[in-house]
Amino acid sequence: MKTDSKKIVVAGGGLVGCLIALRLLQRGFDVSVFEQREDMRQTPMRAGRSINLALSPRGIRALALCGLDEKLLSQAIAMKGRLVHSVEGSVQFQAYSVRPGDCIHSISRGTLNCSLLDAIDALKPGALHFNQRLTRIEEEGARVIFENAQGQPTELCDSILIASDGAGSAARKWML
């Protein structure tokens with residue numbers, strides 16, 4: 001289903017940017033993702049990005065909309081609660097949910113992000129652009145400029161920009 005002829009540009013290829021890009025591609029939009037880092041599927045994950053994530057039922061529903069829930073849950077570890085150890089030595093179990101059987105699932109951030117990148121590639125080869133940092137937004141948002149590691153610009157005009165590239169984003173500065 002083709003819903004709009006206007007191109008959508010997602011700045012940021014992390015979990016949020018990839019999830020929104022994938023869902024929009026599945027709905028028929030023309031989407032491209034620009035990520036300032038290199039392709040994490042081809043390079044070792046940097047320190048600080050290896051922490052597992054806890055997927056709640058809401059996150060699992062988002063993955064289900066994209067058709068990735070079964071694949072990713074097969075690689076996750078169910079966590080029903082935590083054990084709290086008192087100073088006196090007693091141990092108390094605290095469930096993560098009041099509903100029996102509900103739990104959160106621990107999954108590797110890298111596995112999750114790489115699966116989203118793979119799904120985007122499968123739907124639209126060439127949609128992912130790495131080593132491209134959003135540097136400027138001009139003309140009341142009508143023009144966005146990305147730069148590669150060598151400072152060479154890529155200008156995009158008349159696109160819808162979804163900025164999911166973090167707190168230090170040029171889009172955030174532009175909005176403020």
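The following paragraphs lead through a predicted model, from its salt bridges to a pocket, a surface patch and its cysteines.

Charged side chains provide the starting point. Side chains of opposite charge can pair when their charged atoms come close. A search of the whole structure finds 11 salt bridges. One of them joins Arg 37 to Glu 35, with 2.8 Å between the closest N and O atoms; both of these residues are buried. Another connects the side chains of Arg 41 and Asp 39, again with an N to O distance of 2.8 Å. Here the two partners fall into separate classes of exposure: Arg 41 is partly exposed because its relative accessibility is 28%, whereas Asp 39 is buried because its value of 8% lies under the 20% limit.

A further salt bridge pairs Arg 143 with Glu 155 at 3.1 Å, N to O. This pair links distant parts of the chain, since Arg 143 belongs to strand 10 (residues 143-147) and Glu 155 to strand 11 (residues 153-157), 12 residues apart. Glu 155 has a relative accessible area of 42% and is therefore partly exposed. Both residues also take part in a network of salt bridges that includes Arg 136, Glu 138 and Glu 147.

Attention now turns to empty space. Rolling a probe the size of a water molecule over the atoms shows where such space is left. The second largest pocket holds about 180 Å³. Its lining includes Leu 15, Leu 19, Leu 53, Arg 58, Leu 63 and Leu 116. At least two lining residues come from each of helix 1 (15-26), strand 3 (52-55), helix 2 (57-65) and helix 4 (109-123). Helix 2 gives the largest share, with 4 residues.

Elsewhere, Val 31 lies in strand 2 (residues 31-34) and is buried, its relative accessible area being 1%. The C-alpha atom of Val 31 is 9.5 Å from that of Ile 120, although the two residues are 89 apart along the chain.

On the surface, Leu 83, Val 91 and Phe 93 form a nonpolar patch with about 310 Å² of accessible area together. Leu 83 is part of strand 5 (residues 81-85) and counts as exposed because its relative accessibility, 52%, is over 50%.

The cysteines complete the account. The structure holds 0 disulfides. For Cys 66, the nearest cysteine sulfur belongs to Cys 18 and is 10 Å away; a disulfide requires the two sulfur atoms to be within 2.5 Å, so Cys 66 is in none. Cys 66 is buried at 9% relative accessibility, while Cys 157 is partly exposed at 49%.

Notes
Residues are numbered from 1 along each chain as its sequence is written. This is a predicted model: local features need pLDDT of at least 70, side-chain atom pairs count only at pLDDT 80 or more; totals for chains, interfaces and linings use all residues. Side-chain values use heavy atoms; hydrogens and water are left out. Buried means under 20% relative accessible area, exposed over 50%, partly exposed in between (1.4 Å probe, protein chains only). Patches are made of residues with over 30% relative accessible area and no salt bridge: like charges are joined within 9 Å, nonpolar side chains (Val, Leu, Ile, Met, Phe, Trp, Tyr) within 5 Å. Accessible areas come from the Shrake-Rupley method with a 1.4 Å probe; for residues, only the protein chains shown count as cover. A salt bridge is a side-chain nitrogen of Lys or Arg within 4 Å of a carboxyl oxygen of Asp or Glu. On a 1 Å grid over the protein atoms alone, a cavity is a set of points where a 1.4 Å probe fits but cannot get out, and a pocket is an open set with protein on both sides within 12 Å along at least five of seven lines; lining residues have an atom within 4 Å of a point. Grid points are joined across faces, edges and corners, and a volume is the space filled by probe spheres set on the points.
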